[in-house]
Amino acid sequence: MKKLTEAYDYAARMHAGQLRKGAARVPYINHPCEVAALVAGAGASEGVVIAAVLHDTVEDTAARSEEIDTIFGAEVAGIVAELTNDPAWSDLTKLEMKARQSAHIRCTSVGARTVKIADQTANLFDIARDPAAWEPERARDYVVGAVMVVDACRGVSASLEAGFGAAVVQARLALGLIA
C-alpha cells in the first residue's frame, strides 16, 4: 500500500499543471487515477495498479525510466516502458499511431495490456463526458483506433473488455455516431 500511495504522489508531482482536454480544465492526474481504479477493479496485482498510476509519466513528463525503476522496481518500470509510445511516432496521424500501438501491444506483458485496455476505456469516457472538447474527425478516429488497440489486447480481462465496450457505446452516442 505504501508504494501505491508513493506512486500517486509521484504521478501528481510529475503531472502538476497539466490538464485534460475540455472546458472543465480537469487536472491531468485524474486520468491515471481513473485508469488505476479500472485496473484495480479488474483484480490486477499491486504492481500493475502502480504501473497504471504511472503509465504516462515517462511519455508526458520529465520522469525517466531509470527513476521509475529505482523508486518502484523493475516490474513497474517494465510495464511503464511497454506503454510509452516511441517518440518516432509523434509525426504519425492518430490512426497510424494507433496501428503502431496495436502491433506493439500484442507483444507486451499481460500487465501492459491490462493497463492499455483501462487507458483506452478512460479516454473514451473522456470523449463521452465532453465531446465538444474534441474535433469531430479526431474523436471518430480516436474511437476507431482505440478499438484496434483493445482488439490486440483481448483475452487479458473480461471485465475490462466489457467496460471498454460500454465506453465505446457511450463515446459513439456522445459523438452522434449511433442513435
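**Lys98, helix 3 and the salt bridges**

Student: Which residues is Lys98 in contact with, leaving aside neighbours within four places in sequence?
Tutor: Lys98 touches Gln120, Tyr142, Gly145, Ala146, Met148 and Val149, contact meaning heavy atoms within 4.5 Å. This is a predicted model, in which local features need pLDDT of at least 70, side-chain atom pairs count only at pLDDT 80 or more, and totals for chains, interfaces and linings use all residues. Residues are numbered from 1 along each chain as its sequence is written, and side-chain values use heavy atoms, leaving out hydrogens and water.

Student: Where is Lys98 found?
Tutor: In helix 7, residues 94-105; helices are DSSP runs of H or I with at least four residues, numbered from the N terminus.

Student: Buried or exposed, and what is the nearest opposite charge?
Tutor: Lys98 is buried, that is, under 20% relative accessible area (exposed is over 50%, partly exposed in between; 1.4 Å probe, protein chains only). Lys98 has no salt bridge, and Asp119, the nearest side chain of opposite charge, is 6.0 Å away.

Student: How many salt bridges are there in the whole structure?
Tutor: Nine, each a side-chain nitrogen of Lys or Arg within 4 Å of a carboxyl oxygen of Asp or Glu. One joins Asp151 and Arg154, with closest N and O atoms 3.2 Å apart. Shared partners also link Arg20, Glu34, Asp126 and Arg129 into one network. Within helix 8, Arg129 and Asp126 are three residues apart, and their closest N and O atoms are 2.6 Å apart.

Student: Why is helix 3 described as largely enclosed?
Tutor: Because eight of its nine residues (46-54) are buried. Those buried residues pack against several helices, including helix 1 (2-14) and helix 8 (110-129).

Technical notes:
Helices (H or I, at least four residues) and strands (E, at least two) are DSSP runs, numbered from the N terminus. Lys and Arg count as positive and Asp and Glu as negative; His and the chain ends are not counted.
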